[in-house]
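Visitor: Take me through this one, please, element by element where you can.

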Amino acid sequence: GIYSLETYGEKMLKEWGLAEQAEISLAEYTINHQMEQILQDIYKRKPDVIGFSCYIWNISYVKVILADIKKVLPDVKIWAGGPEVSYHGEAFLKEEPAVDLVMMGEGEITFAHFLKALLEGEDLKQVPGLMVRNADGTFTNTGFRQVMDMSQIPFPYAFMDMKELEHRIIYYESSRGCPFSCAYCLSSIDKKLRFRSLDLVLPELEWFLQAKVPQVKFVDRTFNCKKSYAMAIWQYIRDHDNGVTNFHFEIAADLLDKDELDLLSTMRPGLVQLEIGVQSTNEKTLEAIRRKTDIEEIREITETINSWHNIHQHLDLIAGLPWEDLESFKKSFNDVYEMEPEQLQLGFLKVLKGSYMEELIPDCDLLYSAAPPYEVLCTKWLSYGDVLELKDIEEMTEVHYNSRQFTCTLKELEKEFDTPYEMFSFMAGYYN
């Protein structure tokens, strides 16, 4: 994220002897800020260059602010980066005349190199990883840059005041890339899985433990894809537990072996929580989205973990995938519900720019919302009416199951219905 861009940029400017010539400052806003406030704050900072990190959750706000920035700061240079613009750089520049260039792909080295080029008057077309708007209205694509060594990035939280972190969820990245190629995800595009050195990771985790932050969320796409690495980290947080901090990991449950399970079984209750993407239990669907999972294996492993009562499990489903009609999704829902996770997260397919899912659109008759987060409206197998029914199921699941406030009531209510799906469907009908 932007913390990594800042810390890596500052590190490289120092190495190049340019630190005195540039100041990098971060501006973070939330949906509670009005656009007018954001514009005023940016203006008062008197920037020469403004960079926007663009994601599905902020791109519509970014586009609104872009329209006004050039009016009040006509000489400012504007660049954009992040997954929302990386894979359609030229189209974004055509759509947004205020933007001068797009950083494509992984940002740290590109950002630092770009700053150096600006400060030294170098031609930006020599910097890999950019889509540049030329003076004559044409565009130059300098190509995606080679991905970087994760261990080169300084620890972004080291420069922050611990007080700032007391009530925040901390996002931490120990690896990038993913060995899998799931159609709806961007993490497997470059196919290069890289790990941050454990010599850096373990002291950084100690820093969080000392600061007693409430939760550290590892953003690694499949945390346990390298057994020795996962084991070392899990062993460390078990042995250095501060009694407060919770660690969240996204894992592939069917990759867990006996050693990993034995270690996880010894964790303090609440120390670790696991998020497991099941997505669907329909074999044809899993094959279509290139997802390699063994549903029976997942069932057995989640049952084993449940039996220890020390680890929260969050199981995810995605509605709107290929070959999954309403009947098939009901089965997926019932299958996952029977695994008794602490949270059953029912999400809806989002068609991310650059993902393989974009290529599947014609085959699936897939229609999705024009506005971010580009959520599925209907497919060849699922009508918009079906999607609305599943939205109701999602809400009932959130309120009555995921809140964990009705665990005993639901157990009794389940006896009145043939399947969990029918139970939540009945509740939705009553609510409506």
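**Helix 3 and its surroundings**

Visitor: What covers the buried residues of helix 3?
Guide: In this predicted model, helices (H or I, at least four residues) and strands (E, at least two) are DSSP runs numbered from the N terminus. Contact means heavy atoms within 4.5 Å. The cover includes helix 2 (35-44), strand 1 (49-53), strand 2 (77-81), helix 4 (83-86) and helix 5 (89-95).

Visitor: Which residues in helix 3 are buried?
Guide: Buried means under 20% relative accessible area, exposed over 50%, and partly exposed in between, with a 1.4 Å probe and protein chains only. An α-helix has 3.6 residues a turn, so residues three or four places apart point the same way. In helix 3 the buried ones are Ile59, Val62, Ile65, Leu66 and Ile69.

Visitor: Where is the kink in helix 3 centred?
Guide: Helix 3 (residues 59-72) has 14 residues and runs 20 Å from first C-alpha to last, close to the expected 20 Å, where the expectation is 1.5 Å times one less than the number of residues. The bend is the angle between axes fitted to the seven residues ending at a residue and the seven starting there. In helix 3 the kink is about 25 degrees, and its centre is Leu66.

Visitor: What ground rules apply to a predicted model like this?
Guide: Residues are numbered from 1 along each chain as its sequence is written, and side-chain values use heavy atoms, leaving out hydrogens and water. As this is a predicted model, local features need pLDDT of at least 70, while totals for chains, interfaces and linings use all residues, and side-chain atom pairs count only at pLDDT 80 or more.

Visitor: How many disulfides does the structure hold?
Guide: A disulfide is a pair of cysteine sulfur atoms within 2.5 Å. The sulfur of buried Cys54, at 0% relative accessibility, has its closest cysteine sulfur in Cys185, 19 Å away and so too far for a bond. Cys178 is buried too, at 10%, and its sulfur is 6.3 Å from the closest cysteine sulfur, in Cys182, again too far. So the disulfide count is zero.

Visitor: What is the radius of gyration of the protein?
Guide: There are 17 helices and 15 strands in the protein. The globule rule is 2.2 Å times the number of residues to the power 0.38, with the radius taken over C-alpha atoms. For 432 residues it gives 22 Å, so the protein is as compact as a globular protein of that length, its own value being close by at 23 Å.

Visitor: How many of the 432 residues count as buried, in %?
Guide: For a sense of extent, the C-alpha atoms fill a box of roughly 70 × 50 × 40 Å along the principal axes. Among contacts with a separation of 6 or more, 71% link residues 24 or more positions apart. The buried share of the 432 residues is 49%.

Visitor: What joins Pro372 and Pro373?
Guide: Pro373 sits in the loop between strand 14 (367-368) and strand 15 (376-378). Omega is about 5 degrees, and what joins Pro372 to Pro373 is a cis peptide bond.

Visitor: What is phi of Lys212 near?
Guide: Lys212 sits in the loop between helix 8 (198-211) and strand 9 (215-218). Lys212 is partly exposed, at 47%. Its phi is positive although the residue is not glycine, near 50 degrees.
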